[in-house]
Amino acid sequence: MIAADILIRSDCALIDSCRRVVEQPHDDVDEVDFIVVGGGVAGPVVAGRLSENPNWTVTLFESGPEQPAAIDIPALLSSAIATKYDWQYITTPQKHACLAYGGVCGWPRGRLLGGTASLSGSMYSRGHRDVYDGWLRDGNVGWGYDDVLPFFKMSENNRDYNTEIHGTRGPMPVQKPTEILPIARTLMEAARELGYSEMDMSEPDPMGFSIAQLMINSAKVRVTTPTAYLRPHLRSRGHLRVKTNRHVTRLLVAADRRSVHGVEYVDSANRTRRLMARKEVILCAGVIGSAHLLMLSGIGPAEDLRPLGVPVVQDLRVGHNLQHHVASRLGFQLNVTHDRMLTYEAIGQYMKQRSGPLSTTGGLQVSAFLRSDRAGPTDPADVQLFFDGFSPNCAYAQPVYGGCKATTDLVRMNVRPVNVRPRSRGTIRLASADPFVRPRIDPNYLATEEDADVLVWGLRLANDLVHTKALQQLGATVDRSPVDHCNKHTFATDPYWRCLVRYHTRGENHHAGTCKMGPASDPTAVVDPELRVHRVRGLRVADASVFPTQPNCNPIAPVIMVAEKAAKFIKNTWR
Ligand SMILES: Cc1cc2nc3c(=O)[nH]c(=O)nc-3n(C[C@H](O)[C@H](O)[C@H](O)COP(=O)(O)OP(=O)(O)OC[C@H]3O[C@@H](n4cnc5c(N)ncnc54)[C@H](O)[C@@H]3O)c2cc1C
């Protein structure tokens, strides 16, 4: 990755390497209008939009550093996982899942500009319209599908579709890969054989298979929100400041406990500092970070905060309602030799022609939204499928994808069924009043039998896919090598799949819900439908933590939509 980073930085036309944030060692102001905490997906959107008003001063704090430029190369999408750019969270031991790993599953989360999207597959999808209509039914006025659609379109510059549901003038480029790999065509053929049709993953009721649209530009460079919303303005907007390597440790709450007027943070020289906000603080620190900061500041469940000596500002259900898509996987092998190696030639080919092994996301070019046998005939999809493999060897990090061995052997792939409408709910709880002690993350995976059933259905389908004529022509064979704990069951029977999902569980990196949005009448709500923290002035939350129920899709597009709406609310409040 270092070689790729150096080369890519030498080409400013290719990538934003010449407009990267330069770290400022000193902070010279004590007060601004708006403080945005977290430079992941949502933070750059909020900061970028607020700074459109030249009269407002805006500071964005990000705990981690700038993105290394090489992360934007499609095939290196997950290369920062398990590095210093990853918070590397782990769950508490689970009773019903992750059993092959002592009940503990890993949670990669980005600690750098671009946040977790910097580690992501860049897939663009929005989820079923009923998810948003459900938010509206629960009292979130202004959040039904017809209300949120304009905010999806506002951010989108779709280069494949110019229809009424897509935007074509927003800052985020969205398109299918220009070079579709033969394996992606084969997977689509396999899906057709099983009777599935092709869809646009952003339809209001997405169902079927698709060559996924990505947040990628025509130069085959992945685009995250700092690139789209911040970097173009860093030079021209002196009132917008992006401060990397600044970890916010708590909110500054007024003596009457009814308003927030700034933040305390630790800078890269380990100095504790304060910045005051004349107007608002907006938390965009993600499902873990935003909940953690609220609880450290006394906004959270009183019964958890008091024993830790944290004075209670507001007793709100922060950290509850944690939702997480959950997955398992079926491995298979193709009778095809691995030709997608991570070499200097591959880097050269990418730099000169934007082609070759580095230019694509491999098997992740294909995805699917499907109804399992647990879903009703008109229900939203409850299964999403991903395909791992056909990426340069070792471009993915070890802990997530199970080891890395440079090889020219036969290609190995995974089909990954994901339960995207899990019923189980978990918690994030404060473990200490010390801001550097991580909170306790309990996703409570597969607490209901229905959640496991959905994955069992997904594994059966994965097995059927591998046995289609299309994949058999490539000599596909399912990996039956012994799987710890499940060998006592006959392969491909329901007891075997049931064992696999509970032992070889994987969190699917899509988290939500720890600062739930809901009206004042909802005792579990943390923010109101304008994203203001209930009963606390000057404080909003805008990121995946506010989703009352998780969209049944990849969450980056819904997070951007939330951030666009947040900016609109704030502009309306202070105009
Ligand atoms: C491997 C992987 C693949 C994925 N693939 C896809 C995909 O293809 N498509 C898709 O739509 N989604 C994907 N996702 C999910 C997606 O990346 C997340 O849902 C999304 O990034 C959440 O956005 P956010 O703004 O809520 O949080 P984040 O992106 O996590 O941003 C939070 C930011 O806040 C910072 N922060 C936290 N605490 C503090 C603090 N105290 N002070 C200062 N800064 C702080 C963090 O460092 C981080 O930069 C993937 C995730 C992973 C891990």
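**Ground rules**

I take helices and strands as DSSP runs, numbered from the N terminus, with H or I over at least four residues for a helix and E over at least two for a strand. This is a predicted model, so I keep local features to pLDDT of at least 70 and side-chain atom pairs to pLDDT 80 or more, while totals for chains, interfaces and linings use all residues. Residues are numbered from 1 along each chain as its sequence is written, and side-chain values use heavy atoms, with hydrogens and water left out.

**Entry 1: the ligand**

I started with what surrounds the ligand. A residue counts as near the ligand if one of its heavy atoms lies within 4 Å of it. There are 38 residues around the ligand, and Glu62, Thr116, Met123, Val248 and Ile556 come nearest.

Which element gives the largest share of the shell? Helix 7 does, with three residues. I also noted the elements that supply at least two residues each: strand 9 (247-253), helix 7 (286-296), strand 22 (506-512) and helix 14 (556-574).

Sorted by class, the shell has 19 nonpolar, 15 polar and four charged residues. For that sorting, Ala, Val, Leu, Ile, Met, Phe, Trp, Tyr, Cys and Pro are nonpolar, Asp, Glu, Lys and Arg are charged, and the others, Gly among them, are polar.

Next I looked up polar contacts, meaning a pair of N or O atoms within 3.5 Å; within protein, one must be able to donate a hydrogen and the other to accept it, and residues adjacent in sequence count only if both atoms are side-chain atoms. Glu62 has a polar side-chain atom 2.7 Å from an oxygen atom of the ligand. A polar backbone atom of Leu112 lies 3.2 Å from a ligand oxygen. On the nitrogen side, a ligand nitrogen sits 2.9 Å from a polar backbone atom of Val248.

How much of the ligand's area does the protein bury? I get 96% of the 1000 Å² that the ligand exposes when taken alone. The areas come from the Shrake-Rupley method with a 1.4 Å probe, and for residues only the protein chains shown count as cover.

**Entry 2: salt bridges**

My rule here: a side-chain nitrogen of Lys or Arg within 4 Å of a carboxyl oxygen of Asp or Glu. That gives a count of 42 salt bridges. In general, side chains of opposite charge can pair when their charged atoms come close.

I picked three pairs. Lys243 and Asp27 meet through their side chains at 3.0 Å, N to O. This pair links distant parts of the chain, with Lys243 in strand 8 (residues 240-243) and Asp27 in the loop between helix 1 (2-9) and strand 1 (31-37), 216 residues apart. For accessibility I call a residue buried under 20% relative accessible area, exposed over 50%, and partly exposed in between (1.4 Å probe, protein chains only). Lys243 is buried because its relative accessibility is 7%, and Asp27 is buried at 11%. Both residues belong to a salt-bridge network that links Glu23, Asp27, Lys243, Arg246 and Arg273.

Arg540 and Glu280 form a salt bridge at 2.7 Å, N to O. They sit 260 residues apart, Arg540 in strand 23 (residues 539-541) and Glu280 in strand 11 (residues 272-283). Buried or exposed? I have both as buried.

Glu189 and Arg192 were a local case. Their closest N and O atoms are 3.2 Å apart, and both residues lie in helix 5 (residues 182-193), three residues apart, about one turn of the helix. Glu189 is partly exposed at 36%, and Arg192 counts as partly exposed at 43%.

**Entry 3: three single residues**

Contact here means heavy atoms within 4.5 Å, and I leave out residues up to four places away in sequence.

Thr427 is in strand 19 (residues 427-429). At 14% relative accessible area Thr427 is buried. Its side chain makes a polar contact with the side chain of Arg429 at 3.4 Å. Thr427 also touches Gly319, His320, Leu322, Arg440, Ile441 and Asp442.

Ser63 sits in the loop between strand 2 (58-61) and strand 3 (89-90). I have Ser63 as buried, at 15%. The Ser63 side chain makes a polar contact with that of Arg111 at 3.0 Å, and Arg111 is among the residues Ser63 touches, along with Trp87, Asn245, Arg246 and His247.

Gln349 belongs to helix 9 (residues 344-353) and is partly exposed at 32%. Gln349 touches Arg354, Ser355, Gly356 and Pro357. I also checked Ser359, ten residues along the chain from Gln349: the C-alpha atoms are separated by 9.0 Å.
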